[in-house]
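Morning, everyone. I have one structure to walk through today. Please have the sequence and the model open while I talk.

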Amino acid sequence: MEVSLDSQHNSQLDTIRRTLLASIGALLYSLVILVCYKLGYVLIDVTDLVIIYICFWVGHLAAVGFVYFRHIRNMSARSMSLLHMVWAIIFVSIILYYTVEIRSALMMAYLTIISFGAFRLQWRGFFGITLFTLASYAVTLFFFQQNNSGRWSPELEVIIGITFLAAMLGFCILGREFSLLRERLTSSNRGLRIALAKIEALAITDELTGLYNRRHLLVCLDKQRAIANREGSRFVLAYIDIDEFKRINDEFGHRVGDEVLQQFSDLLQESIREIDLVSRYGGEEFVLLLTGVGIETAAIVVERIRDAVESLKFSENNLAMTISVGLTEYQAPETINDTLERADKLLYQAKQEGRNRVVQA
Ligand SMILES: Nc1nc2c(ncn2[C@@H]2O[C@H](COP(=O)(O)OP(=O)(O)OP(=O)(O)O)[C@@H](O)[C@H]2O)c(=O)[nH]1
């Protein structure tokens, strides 16, 4: 879970970084156009240029704001959405319509815009945006030729057009490869995350019973102790041992012994609340962690479990068995070891007093 949140956060930061890069690119391109305008390569009325700039920047900033808004809301965002790219391509096409002589240089902006799509778009989207760019350039050329026939050189335009088409095709193929690579990477990351979650679960689970193991119990106890020390909350440990389990193994075999352990674990699991924890401490020993209760309430719960075990028949052989329990409440600021040792001594006392009983501190 932590891994997944981490990767989501990193991907959002990447998105913000790419959006900032796109903005820097757009700013530089706007400045280059201004210089070209000053040098007489962009033949446009200054009012029209200002209107085009305002329209483009309003759209661009709205898109950037949208990405940032989704980021602070923790929603997934695309650095340059399809709409955002279409907006930028239209802007470049309009500028190209007014550009003379150096149009092939300013056309490079198309490639920069499209390359942003390679980070996010599926290859179909990438293909679509490439087609849109080609169509948009064709429309620009058509109108340019209509209004500037004097400056129109068919041979030159064909050469530029073919070069541009080849570059776009190359970009499209590379974009597809990139997109496939990204999809493979995403899917292998997902696989790794699932495998990691499984390994983490295995590391804290007892194989036979499916209960938490001793390692996980100790981690939880440390946390619970820290909470109790800080907030003054209470928790109780019940150290449970199945009585004369060796006899069950000896009489019925190890397989039946395992079955009994599994059924007993199920019973324990069903007897506690979600906020409590049951663990297999080792062999036929189990520890219950009962949180937010004092020893009086815990004693009632554990006594009920002892009673249920006594009256149940386990495994296919209808075995009867009993448990002994040492029950103690955590006394701040002692260590968890102290509490466990006390519970163990109480369990020993329960065994000494004849088994099938709960002894509390
Ligand atoms: N079937 C099975 N037996 C286990 C497992 N782990 C431990 N045991 C057995 O549990 C038995 C525990 O025996 P003892 O420690 O002598 O205790 P006991 O017979 O329960 O007697 P008291 O605790 O004194 O009531 C041993 O025979 C172990 O082999 C397990 O995973 N499966």
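I'll go from the overall make-up to the sheet, then the cores, then the ligand.

First, a caution: this is a predicted model.

Let's start with the whole protein. It has 361 residues, and 28% of them count as buried. The secondary structure comes to 12 helices and five strands. Now take the contacts between residues at least 6 apart in sequence. Of those, 70% join residues at least 24 apart.

Next, the sheet. It is open, with five strands in the order β2-β3-β1-β4-β5, and the pairing is mixed. Which strands stand at the edges? They are β2 and β5, the latter being residues 358-360. Each has a single partner strand, so one side of each has no neighbour in the sheet. On average, neighbouring strands are turned by 20 degrees against each other, ignoring direction.

Look at the pairs. β1 and β3 run antiparallel, joined by seven bridges. In that region, Y239 stands opposite V287 of β3. Then there is β2 with β3, residues 285-291. That pair is also antiparallel, over five bridges. L277 has L289 in β3 as its bridge partner. β2 and β3 form a hairpin, with two residues between them. In the turn sits G283, with a positive phi of about 45 degrees.

Is β2 enclosed or open to the outside? β2 covers residues 277-282, and five of its six residues are buried, so the rest of the structure largely encloses it.

Now the helices on the sheet. α10 packs on it and touches β1, β2 and β3. The direction of α10 makes about 150 degrees with that of β2. α11, residues 295-311, lies across β1, β3, β4 and β5. Against β4, residues 323-329, α11 runs at about 170 degrees.

On to the cores. The largest nonpolar core has 40 residues. A238, Y239, V287, L288, L289, V325 and L327 have the most contacts inside it. β1 gives the most to this core, with seven residues. Take A238 as an example. Leaving aside neighbours within four places in sequence, A238 is in contact with V287, L288, L290, A298, V302, V325 and L327. There is another core, lying apart from that one. This other core has 24 residues, among them Y29, L96, I113 and L121.

One residue deserves its own moment: V359, in strand β5. Why does V359 count as buried? Because 20 other C-beta atoms lie within 10 Å of its own, and the cut-off for buried is 20 or more. V359 and V325 are 34 residues apart in sequence, yet 6.2 Å apart in space, C-alpha to C-alpha. Not counting residues up to four places away in sequence, V359 touches G326, L327, L346, Q349, A350 and E353.

Last, the ligand. Which residues come nearest to it? Of the 16 around the ligand, they are D243, F245, K246, G257 and G283. G283 is the glycine from the hairpin turn. β1 (235-242), α9 (245-252) and α10 (254-271) each supply at least two residues of the shell. α10 gives the most, with four. And the class split? The shell has eight charged, four polar and four nonpolar residues.

To close, keep α10 in view. It packs on the sheet, and it gives the most residues to the ligand shell.

How values were computed:
Residues are numbered from 1 along each chain as its sequence is written. This is a predicted model: local features need pLDDT of at least 70, side-chain atom pairs count only at pLDDT 80 or more; totals for chains, interfaces and linings use all residues. A residue is buried if 20 or more other C-beta atoms lie within 10 Å of its own, exposed if 12 or fewer, and partly exposed in between; C-beta atoms are placed from the backbone. Two strands pair if DSSP finds at least two bridges between them. A residue is near a molecule or strand if its C-beta atom, placed from the backbone, lies within 6 Å of it. Ala, Val, Leu, Ile, Met, Phe, Trp, Tyr, Cys and Pro count as nonpolar, Asp, Glu, Lys and Arg as charged, and the others, Gly among them, as polar. Two residues are in contact if their C-beta atoms, placed from the backbone, lie within 7 Å. Axes are lines fitted to C-alpha atoms, for helices over the stretch in contact, and angles run from 0 to 180 degrees between N-to-C directions. A nonpolar core is a set of buried Ala, Val, Leu, Ile, Met, Phe, Trp, Tyr and Cys residues joined through C-beta atoms within 7 Å.
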